[in-house]
Amino acid sequence: MSDERDEIKARISIVDLVGQSIALKRSGKYWKGLCPFHPDKNPSFDVSETTGYYRCRACGENGDIFTWVMKTQNVEFPEALKILAERAGVTLKRIGTREDKSQREVRKAIMEEARAFFTAQLSQSETARAYLEKRGLDEAVAKTWELGYAADIDVALTTHLKKKGLPLQEAKSLFLAEEDSSGGFFDKFRGRLMFPIRDERGELVAFGGRLLGDGVPKYINSGDTPIFRKSRVLYGLYQSKDLVAKSGRAVLVEGYLDVIACHCAGVKTAVASLGTSLTEDHAKLLKRWASEVVVFYDGDAAGKKAAERALSVLNEAGNRVRVALLPTGQDPDTLLRSLGADAVQKAVDQGLSPLEFRLAMLEATLKPDQEDFWTGVVGALAECDAMPAVDAQVARLVHKYHQGRSHEIEEAKLRADVRRARSSLHRDRRRAEPAVPRAFVPDPISARAYVVFHAVLHEPLRAEAWPAILEEGLMDSEAAEQLALALRGKWGEKPPVGAAASWIGGIEDETLRELFSRAEDPRYSASSESLAACVSLLRSDRQRRDAEQLSAIKGEGADLAAIAERLKAAAVENPFWHFDKDPPEKGSGGDAGFL
């Protein structure tokens with residue numbers, strides 16, 4: 001895979017790729033422009049043709065061509081790899097064998113044939129058409145959402161697929177057919193309104209079915225299959241992703257008909273999880289597309305409880321969240337049909353903050369003279385880090401529920417309770433946090449070390465600079481030594497060949513790659529003369545460090561002697577240092593012999 005990535009990077013100019021989206025202007029060795037990842041008035045976005053990396057000096061965003069596609073097109077790495085491979089004309093040989101490709105084509109054919117079959121069945125079913133009419137869904141809506149109908153016949157779809165020459169065993173793996181004890185196949189969906197489910201790329205991956213008559217379960221959703229993971233797909237995201245990205249807001253509802261109702265009401269950023277509670281993967285998917293999520297669940301007790309769970313999952317993933325409250329017993333679909341599109345839009349626009357929602361739930365279910373009420377209030381306020389919002393709610397609650405008492409005293413009491421609860425909460429969180437190794441944090445790299453790395457970036461000087469990379473202990477900081485170690489570990493005694501953009505991705509640590517890319521800063525430009533001078537200065541620094549180590553050591557004489565021998569050798573290399581005496585005796589003082 002790394003060979004394919006290197007070939008793609010060698011064929012695609014990062015300047016050309018980025019330049020298709022933002023205006024770039026040449027400035028020395030860099031191309032500069034306005035950063036697309038934050039409001040940027042002064043060009044702070046640098047793109048390097050040499051390293052194949054971009055970096056914003058203001059907000060810190062950085063990466064290569066793959067990172068660029070992932071962040072600007074909201075895709076994961078495999079999809080970015082496919083996009084760039086197609087652009088570069090590179091065949092991804094390791095994606096799958098011919099046999100795998102054939103199986104994918106068969107699965108795709110089965111799914112599309114099933115969708116077309118369900119669509120045809122809808123036009124023939126008076127029951128299904130009557131149901132759609134009752135729900136206010138006309139023919140145009142049904143066509144937009146590709147709605148269909150699974151006839152209440154055991155073998156309607158399986159018979160159709162068999163006539164088309166498609167394997168029913170594969171249909172079973174796709175949750176469209178079931179096998180009986182005799183080896184025969186029958187339909188998984190029967191007597192149901194059918195909702196085709198497409199992933200964010202538009203691939204048909206699953207179906208949902210709603211029972212039209214009496215019975216249970218009301219809904220059947222495709223289980224996990226070779227092409228579908230329900231925890232990673234949101235219904236409606238394919239249809240709404242452009243508007244979600246543009247507006248920065250997604251509206252999260254509970255079901256298929258709720259999504260369709262919201263879109264009919266003009267809330268065209270509505271999506272839904274698929275017959276399962278919101279998962280961490282769903283939250284991450286929303287985070288990629290939207291900066292804010294409005295939870296718009298049913299107004300019954302179950303819906304409010306589900307909204308609480310969704311809040312927790314979304315907050316954990318770093319999403320900004322609001323909650324739209326619905327009247328008890330209402331859902332977006334019934335709200336649209338009873339009060340119209342304006343009511344749906346208004347409910348979404350007036351969504352509550354998580355704190356407001358939690359307090360509203362307490363006020364709706366408990367009375368202020370109950371101890372649990374104020375315990376819940378203190379807990380909700382303690383979990384909120386937005387102090388202005390906490391202060392506003394403290395004042396509101398005291399004025400509302402402590403009539404006839406000193407508001408100042410009651411507010412002070414409530415704030416004290418909140419502070420104690422917050423301190424306790426933070427202590428509990430610290431105890432629960434697992435111990436993790438301290439991550440490597442780059443310390444500053446000197447200009448002379450950067451010159452060495454700069455020389456490595458440029459092929460004419462790479463051979464001259466490589467001996468310095470191989471020289472252990474030469475670099476004068478932890479970050480520089482880590483980077484040199486990474487280069488040695490990857491390429492050994494032979495430096496990499498070709499343009500830096502084609503091999504720099506071989507440095508596995510992203511932090512080190514970004515650190516290396518800074519070496520192309522014109523302040524650290526290298527020539528043979530400057531490279532030699534910087535290496536000499538780095539060696540002098542190493543000698544100084546060894547001298548300090550010798551001065552500090554109070555160990556065995558043999559250890560001191562080994563260091564002294566090294567210093568004698570170093571003194572030959574640098575006339576500014578000399579060692580003119582034998583190693584100091586044990587206990588005689590570490591700085592003897594240095595002039």
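Which residues are exposed on the other side of α13? In this predicted model, they are Ala-301, Ala-302, Lys-305 and Glu-316. The views below start from the whole chain and then come back to that helix.

**View 1. The whole protein chain, with 26 helices and 15 strands.** Let's begin with the overall picture. Of the 595 residues, 46% count as buried. The accessible surface comes to about 30,900 Å², and carbon and sulfur atoms account for 50% of that area. Looking at contacts between residues at least 6 apart in sequence, 63% join residues at least 24 apart.

**View 2. Helix α13, residues 301-316, and its two sides.** Here is a quick geometry check: at 1.5 Å a residue, the 16 residues of α13 should span 22 Å, and the end C-alpha atoms are 23 Å apart, which agrees. Gly-303, Ala-306, Ala-307, Ala-310, Leu-311 and Leu-314 are the buried residues of this helix. Seen down the axis of α13, they fall within an arc of 150 degrees, so they line one face of the helix. On the other side sit the exposed residues Ala-301, Ala-302, Lys-305 and Glu-316. Just after the helix, look for Gly-318, which takes a positive phi of about 90 degrees.

**View 3. What covers the buried residues of α13.** The cover includes three strands, β12 (249-253), β14 (292-295) and β15 (320-323). It also includes the helices α12 (280-289) and α16 (354-365). Two of these elements, β12 and α16, get their own views next.

**View 4. Helix α16, with α13 as part of its cover.** α16 has 12 residues and reaches 17 Å from its first C-alpha to its last, close to the 16 Å expected at 1.5 Å a residue. Its buried residues are Pro-354, Leu-355, Phe-357, Arg-358, Leu-359, Met-361 and Leu-362. Alongside α13, the elements that cover them include β15, α17 (371-382) and α18 (387-401).

**View 5. Strand β12 and its parallel partners, β14 and β13.** Because 4 of its 5 residues are buried, β12 is largely enclosed by the rest of the structure. It pairs with β14 over 4 bridges and with β13 (residues 270-272) over 3 bridges. Leu-252 is a handy residue to centre on: it stands opposite Val-295 in β14, and its bridge partner in β13 is Val-271. Between β12 and β13 you can follow helix α11 (residues 256-264), and the three elements make a right-handed β-α-β unit.

**View 6. Strand β10, residues 204-211, and its antiparallel neighbours, β9 and β11.** β10 is mostly covered, with 8 of its 8 residues buried. Strand β9 (residues 192-198) pairs with β10 over 7 bridges, and Arg-198 stands opposite Leu-204. The two strands form a hairpin with 5 residues between them, and Gly-202 in the turn has a positive phi of about 100 degrees. β10 also pairs with β11 (residues 219-221) over 3 bridges, where Gly-208 has Asn-221 as its bridge partner.

**View 7. An open, antiparallel sheet of 5 strands.** The strand order is β1-β2-β3-β4-β5. At the edges lie β1 (25-27) and β5 (62-63), each pairing on one side only. Inside the sheet, β3 (residues 45-48) and β4 (residues 53-56) pair over 4 bridges, and Val-47 stands opposite Tyr-54 in β4.

Definitions and conventions: Residues are numbered from 1 along each chain as its sequence is written. This is a predicted model: local features need pLDDT of at least 70, side-chain atom pairs count only at pLDDT 80 or more; totals for chains, interfaces and linings use all residues. Side-chain values use heavy atoms; hydrogens and water are left out. The expected span of a helix is 1.5 Å times one less than its number of residues. Buried means under 20% relative accessible area, exposed over 50%, partly exposed in between (1.4 Å probe, protein chains only). The arc is that of the directions from the helix axis to the C-beta atoms. Contact means heavy atoms within 4.5 Å. Accessible areas come from the Shrake-Rupley method with a 1.4 Å probe; for residues, only the protein chains shown count as cover. Two strands pair if DSSP finds at least two bridges between them. A crossover is right-handed if, with the strands pointing away from the viewer, the path from the first strand over the helix to the second runs clockwise.
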